[in-house]
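The following report describes the fold, the sheet and the nonpolar interior of one protein chain. Please read it alongside the coordinates.

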Amino acid sequence: MSHFTTVATRLRNLETVKRALEDMGYQVHTGDVHGYLGNQTHADLVVHTDSGYDIGFRKNGEEVVAIADFWGLHIDREAFFKQLAQRYAYITVMEQAQMHGWAMATEEVQQDGSIRLVMQRWG
């Protein structure tokens with residue numbers, strides 16, 4: 001019996017997901033996601049965890065979905081996805097800012113973990 005759960009996200013760009021995961025300290029691979037009793041399923045991106053279970057990401061239409069056996073992961077799923085969304089947004093903002101001629105002036109990590117960016121552009 002498979003324990004894999006697919007979680008919808010609001011993330012759209014698989015390459016940006018990969019960069020966000022790497023920023024979070026994960027090594028990202030392609031291949032199979034491992035779960036309960038050696039069950040496997042394929043994903044476009046895979047991160048291995050200390051539990052022996054993996055978290056995978058695959059493109060599903062316009063969105064990226066996460067797939068994992070969350071029963072055996074032993075991670076705070078809400079905290080993981082919150083951090084992933086934050087890193088994804090940060091990378092997206094920085095890319096878009098650079099494309100439009102903006103540069104970061106300051107970056108401050110707030111007590112609640114949010115990031116305050118001050119951007120500038122010379123005319």
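The accessible surface of the chain comes to about 7,900 Å², and carbon and sulfur atoms hold 49% of this surface; such areas come from the Shrake-Rupley method with a 1.4 Å probe, and for residues only the protein chains shown count as cover. The model is a predicted one, in which local features need pLDDT of at least 70 and side-chain atom pairs count only at pLDDT 80 or more, whereas totals for chains, interfaces and linings use all residues. Residues are numbered from 1 along each chain as its sequence is written, and side-chain values use heavy atoms, with hydrogens and water left out.

**Overall layout**

The C-alpha trace spans about 60 × 30 × 20 Å along its principal axes. Of the 123 residues in the chain, 34% are buried, where buried means under 20% relative accessible area, exposed over 50%, and partly exposed in between (1.4 Å probe, protein chains only). The chain contains three helices and seven strands, in the order β-α-β-β-β-β-α-α-β-β from the N terminus on; helices (H or I, at least four residues) and strands (E, at least two) are DSSP runs, numbered from the N terminus. Among contacts between residues at least 6 apart in sequence, 45% join residues at least 24 apart, a contact being heavy atoms within 4.5 Å.

**The sheet and its helices**

Five strands form an open sheet with the order 1-5-4-3-2 and antiparallel pairing, two strands being paired if DSSP finds at least two bridges between them. Strand 1 (5–8) and strand 2 (28–34) each have a single partner strand and stand at the edges, so one side of each is left without a neighbour in the sheet. On average, neighbouring strands of this sheet are turned by 45° against each other, direction ignored. Strand 4 and strand 5 pair in the antiparallel sense over six bridges, and asparagine 60 has glutamate 63, in strand 5, as its bridge partner.

Two helices lie across strands of the sheet, as tabulated here; axes are lines fitted to C-alpha atoms, for helices over the stretch in contact, and angles run from 0 to 180 degrees between N-to-C directions.

| Helix | Strands crossed | Angle |
|---|---|---|
| Helix 1 | Strand 2, strand 3, strand 4, strand 5 | about 50° to strand 3 |
| Helix 3 | Strand 1, strand 4, strand 5 | about 50° to strand 4 |

**Nonpolar cores**

A nonpolar core is a set of buried Ala, Val, Leu, Ile, Met, Phe, Trp, Tyr and Cys residues joined through side-chain atoms within 4.5 Å. The largest has 22 residues, of which Val17, Leu21, Ile55, Phe57, Phe80, Phe81 and Leu84 touch the most other members. Helix 3 gives the most to this core, with five residues. Leaving aside neighbours within four places in sequence, leucine 21 is in contact with Tyr26, Val28, Val47, Phe57, Phe80 and Leu84. Apart from this core lies another, of five residues, including Phe4, Val33, Ala43 and Val46.

**Around phenylalanine 4 and threonine 41**

Phenylalanine 4 lies in the segment before strand 1. Its C-alpha is 6.4 Å from that of isoleucine 67, although the two residues are 63 apart in sequence. Beyond four places in sequence, the contacts of phenylalanine 4 include Val33, Thr41 and Ile67. Threonine 41, found in strand 3, has a side chain that makes a polar contact with the side chain of arginine 58 (3.1 Å); a polar contact is a pair of N or O atoms within 3.5 Å, where within protein one must be able to donate a hydrogen and the other to accept it, and residues adjacent in sequence count only if both atoms are side-chain atoms.
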